[in-house]
Amino acid sequence: MISPDHAQLMARYNTWQNQSIYGAASSVPSAELHLDRGAFFGSIFATLSHIYWADQLWLERFSHAERTVGDMASSTCQASTFKDLQAKRTKFDAKIESWAGGLTQKVLTAEFSWVSGLAGAPLKRPFWVNVTHFFNHQTHHRGQVHAMLTALGASPQDTDLIFMRGL
């Protein structure tokens, strides 16, 4: 089981890592960001777009809001340019931190139900499991982007949580 403090820590980690990844990616020519590199979503841009899409999807689910983000097929094209995606990401990271700041232990221990597009069925899990998945999904795909950027000679920061300031 996780605590509200853990979710808040992971929200800050998400912001820190996105600043690092997007900062490193901004030093790479646009054509390189869109080149298929054999990752699950192909390119750096498509992978970053997918992360942004999934984050929006999960926050909509968590708040029981009407779904607005489209389906998996649209997940890799959430912005027309890297700068646009970066601006959206920055704004959304603040929203994630605000959301995490409002979590309570009672919310985290409650059951959570949603309809999974991938499973094609309704699912039910403890809320804290879904929050853990939310942050794990970001980390997983950011790791792919980190590897692609490093291979290009870009220099994202270390990803180790213990090196994040303000712990």
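Start by selecting H64, which sits in the loop between α3 and α4. Helices here are DSSP runs of H or I with at least four residues, and strands are E runs of at least two, numbered from the N terminus. This is a predicted model, where local features need pLDDT of at least 70, side-chain atom pairs count only at pLDDT 80 or more, and totals for chains, interfaces and linings use all residues. Residues are numbered from 1 along each chain as its sequence is written, and side-chain values use heavy atoms, with hydrogens and water left out.

Stay on H64. Its phi is near 55°, a positive value in a residue other than glycine. Most residues other than glycine have a negative phi. H64 counts as exposed because its relative accessibility is 63%. The cut-offs: buried is under 20% relative accessible area, exposed is over 50%, and partly exposed is in between, with a 1.4 Å probe and protein chains only.

**Aromatic rings**

Next, select W58 and F62. Both belong to helix α3 (residues 44-62); they are four residues apart, so about one helical turn separates them. Both are buried. Their rings form a tilted pair, 5.5 Å centre to centre with 40° between the planes. Rings of Phe, Tyr and Trp (its six-membered ring) pair if their centres lie within 6.5 Å; planes under 30 degrees apart are stacked, over 60 edge-to-face, and the rest tilted.

Now pick F112 and W114. This pair is stacked, at 5.7 Å centre to centre and 25° between the planes. F112 and W114 are buried.

Widen the selection to W58, F62, W99, F112, W114, F127, F134 and F135: these form one aromatic cluster. The count of aromatic pairs comes to 14.

Add R61. It lies over the face of W58, 4.5 Å from the ring centre. The criterion is NZ of Lys or CZ of Arg within 6 Å of the ring centre and within 35 degrees of the ring normal.

**Helix α3 against helix α6**

Show α3 together with helix α6 (residues 127-151). Their axes are 9 Å apart and pack at an angle of about 170°. Axes are lines fitted to C-alpha atoms, for helices over the stretch in contact, and angles run from 0 to 180 degrees between N-to-C directions. That makes α3 roughly antiparallel to α6. Under 35 degrees is roughly parallel, over 145 roughly antiparallel, 65 to 115 roughly perpendicular, and the rest oblique. Colour the contact (heavy atoms within 4.5 Å) by class: 13 nonpolar, eight polar and two charged residues. Ala, Val, Leu, Ile, Met, Phe, Trp, Tyr, Cys and Pro count as nonpolar, Asp, Glu, Lys and Arg as charged, and the others, Gly among them, as polar.

**Helix α1 against helix α4**

Move to helix α1 (residues 4-25) and helix α4 (residues 82-101). Their axes come within 8 Å and cross at roughly 170°. The two helices are therefore roughly antiparallel to each other. Contact residues include A7, A11, N18 and G23 of α1, and L85, R89, D93 and I96 of α4. By class, this contact has eight nonpolar, seven polar and four charged residues.

Zoom in on R89, in helix α4. It counts as buried because its relative accessibility is 2%. Beyond its neighbours within four places in sequence, R89 is in contact with N14, N18, Y22, I51, Y52, D55 and I96.

Finish at G23, in helix α1. G23 is partly exposed, with a relative accessible area of 34%. Not counting residues up to four places away in sequence, G23 touches N18 and Q86. Then select A154: its C-alpha atom is 9.3 Å from that of G23, although the two are 131 residues apart along the chain.
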